[in-house]
Protein chains: 2
Amino acid sequence: MKKKREGKTTSKIFDDHDHGMCFDDAIEQIENYFLKKNLQFTPLRRKVFEILIRDHKPLGAYEILEALGRDGFSSSPPIAYRVLDFLMEHGFVHKIQGLNAFIACPNPNHSHSPAFVICRKCEKVAEVDEKKSGISFANPSIDNFEVEKTTVEMTGVCTTCSRAATI
Amino acid sequence: MKKKREGKTTSKIFDDHDHGMCFDDAIEQIENYFLKKNLQFTPLRRKVFEILIRDHKPLGAYEILEALGRDGFSSSPPIAYRVLDFLMEHGFVHKIQGLNAFIACPNPNHSHSPAFVICRKCEKVAEVDEKKSGISFANPSIDNFEVEKTTVEMTGVCTTCSRAATI
DNA sequence: ACTGATAGTGTTATGTTATAACATGTTATG
DNA sequence: CATAACATGTTATAACATAACACTATCAGT
Ligand SMILES: [Zn+2]
Ligand SMILES: [Zn+2]
Ligand SMILES: [Zn+2]
Ligand SMILES: [Zn+2]
């Protein structure tokens, strides 16, 4: 089960892939985590996570609220923000600062401070972990400073989109 | 003159330093740039830049507006956002995404995509350039993707603040 | 089962950040 | 001096986020 997840790369996200497996895998992981930690995976929390994991696109809080409303849940702002805060605390959702939007983590086993790769055309977002991205935060050059939290976001165009543009 | 600037480091920002020189140096650079590029360094633009370069702390757009109001300028939101957009285009101001705030670039000669080091205690922000920070964006591991723009923000506590806390 | 504590959800109101659209003034150029 | 461009001013509104409080569900200990 672990091996299956380790193979997930940037290209898998931007290319066509078996997203049903992404989805099922992510749901399974979050269920197991909640069970193990004795947390409630309530219908609302499940729904918010499902909305976010539907595609690899970040959604604004108000987009999530609309989706909740369509599915019969309350859609006043605090509903979304509370659930998002909760899911972020546990590493299942990340905020993309440059977009004021939220994305489901497809693999909470990763480093908890991933870098985000954001395609401005298809709007999909992939995570890459610290080591693979070549980013090292415990860096000697940033002396006189203790880093606690990092935000790394890279915006550009994925090859799937740039190939499509040249056809 | 160039050498003077190259010595600017993270520690210079967080420690006590001759900020008058920072200030004058920055103003001189922006004046020269505007002159060279035939751009208007209007009173409003100058004021906004001065407000931001007063300290190495980022300010929200509405804080800038208040300061503008106190100095007799108009203080409706578009005033600030337009000038900020303009100054950002030319690299004299950066936006700190994690704070929804704006900071004057103390050295526009740097890489145009610096990493930001943010102290959550004194709220000062330093820039470090790509190479020194150990961050390399043209990274082979982020394949299938052409990075156009990067955001790197590191939040923590500077040693000036952590020393102060243990006294 | 009762009781109180904790956690989760719902609702209203408000705060904060950012932009659209249009009017007016100012500056450079032919 | 006409006119195009750039710059600033103003009103309104959009987009993003939180405070405060009410109500409900779940759970632990009696
Ligand atoms: Zn997928
Ligand atoms: Zn794409
Ligand atoms: Zn200084
Ligand atoms: Zn500090």
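## Exercises on a predicted protein–DNA model

A polar side-chain atom of Arg82(A) lies 2.6 Å from a base nitrogen of DNA strand C. The model is a predicted one.

**Exercise 1.** Determine which parts of DNA strand C the polar side-chain atoms of Arg82(A), Thr42(A) and Arg45(A) approach.

Solution.
- Step 1. For Arg82(A), the partner is a base nitrogen, at 2.6 Å.
- Step 2. For Thr42(A), the partner is a phosphate oxygen, at 2.5 Å.
- Step 3. For Arg45(A), the partner is a phosphate oxygen, at 2.9 Å.
- Step 4. A polar contact requires N or O atoms within 3.5 Å, so these distances can be checked against that cut-off.

**Exercise 2.** Describe the protein surface near DNA strand C by element and by class.

Solution.
- Step 1. Two or more residues each come from helix H4 (43-53) and helix H6 (77-89) of chain A, and from helix H6 (77-89) of chain B.
- Step 2. The surface holds eight nonpolar, six polar and three charged residues.
- Step 3. Among the 17 residues around the strand, those that come nearest include Ser76(A), Tyr62(B) and Lys95(B).

**Exercise 3.** Work out the strand order of the six-stranded open sheet and find its edges.

Solution.
- Step 1. The order is E4(A)-E3(A)-E5(A)-E5(B)-E3(B)-E4(B), with mixed pairing.
- Step 2. Strand E4 (125-128) of chain A and strand E4 (125-128) of chain B are the edges, since each pairs on one side only.
- Step 3. E3 (115-119) of chain A pairs with E4(A) in the antiparallel sense over four bridges; there, Val117(A) stands opposite Ala126(A).

Terms used: Residues are numbered from 1 along each chain as its sequence is written. Chains are lettered from A and ligands numbered from 1 in the order in which they are written. This is a predicted model: local features need pLDDT of at least 70, side-chain atom pairs count only at pLDDT 80 or more; totals for chains, interfaces and linings use all residues. Side-chain values use heavy atoms; hydrogens and water are left out. Two strands pair if DSSP finds at least two bridges between them. A residue is near a molecule or strand if one of its heavy atoms lies within 4 Å of it. A polar contact is a pair of N or O atoms within 3.5 Å; within protein, one must be able to donate a hydrogen and the other to accept it, and residues adjacent in sequence count only if both atoms are side-chain atoms. Ala, Val, Leu, Ile, Met, Phe, Trp, Tyr, Cys and Pro count as nonpolar, Asp, Glu, Lys and Arg as charged, and the others, Gly among them, as polar.
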